[in-house]
Amino acid sequence: MQILISQLRFATTRLVFNRGLAVALVFGPVVGAMLAFGAVAAQDATTKDANEITIDNFTFTPKELTVAVGTTVKWVNHDDIPHTIVEKKTTFRSKALDTDDSYSFTFTSAGTFDYFCGLHPHMVGQVIVK
């Protein structure tokens, strides 16, 4: 009887270990894939937002943005009132942007482009194209 009990304990311990191993083998790759997908999605989000300027609380953020020639910059209005984007030399000008509207412009030449909100001239920003 003593031998049977010790063999039963050994078998139960082995069964728990095997069950744990089976769970790890099944869920390990799934969890790994989910983590990898999350990392790639986060990287894509940062890349996409790198050339985006937000309008919120009567400010452009970032106030200054440096980009390469050929880059498209996107302005997104998160304020509750309309805003416009006007470059000082009128290289580009947006229509009035309501809440969550956006405006994009592709910079085809190098230079410094100072812009402001046509409705609220105290709101200013700058895009530097190299």
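Here are three short exercises on this predicted model, each with a worked solution. Local features need pLDDT of at least 70 and side-chain atom pairs count only at pLDDT 80 or more, while totals for chains, interfaces and linings use all residues. Numbering starts from 1 along each chain as its sequence is written, and side-chain values use heavy atoms, with hydrogens and water left out.

**Exercise 1.** Find which residue forms a salt bridge with D101.

Solution. Start with the rule: a side-chain nitrogen of Lys or Arg within 4 Å of a carboxyl oxygen of Asp or Glu. The count comes to one salt bridge. K95 is the partner of D101, with the closest N and O atoms 3.8 Å apart. Now check accessibility (buried is under 20% relative accessible area, exposed over 50%, partly exposed in between, using a 1.4 Å probe and protein chains only). D101 is partly exposed at 26%, and K95 is exposed at 55%.

**Exercise 2.** Work out where M123 is found and whether M123 is buried or exposed.

Solution. M123 is found in the loop between β7 and β8 (strands are DSSP E runs of at least two residues, numbered from the N terminus). Its relative accessible area is 2%, so M123 is buried. Next, look along the chain: I55 is 68 residues apart from M123, yet their C-alpha atoms are separated by 9.4 Å. Leaving aside neighbours within four places in sequence, M123 is in contact (heavy atoms within 4.5 Å) with residues including I55, F60, H83 and Y115.

**Exercise 3.** List what F107 is in contact with, leaving aside neighbours within four places in sequence.

Solution. Go through the partners in order: V69, G70, T71, V73, W75, F92, F113, V127 and V129.

Note on methods. Helices (H or I, at least four residues) and strands (E, at least two) are DSSP runs, numbered from the N terminus.
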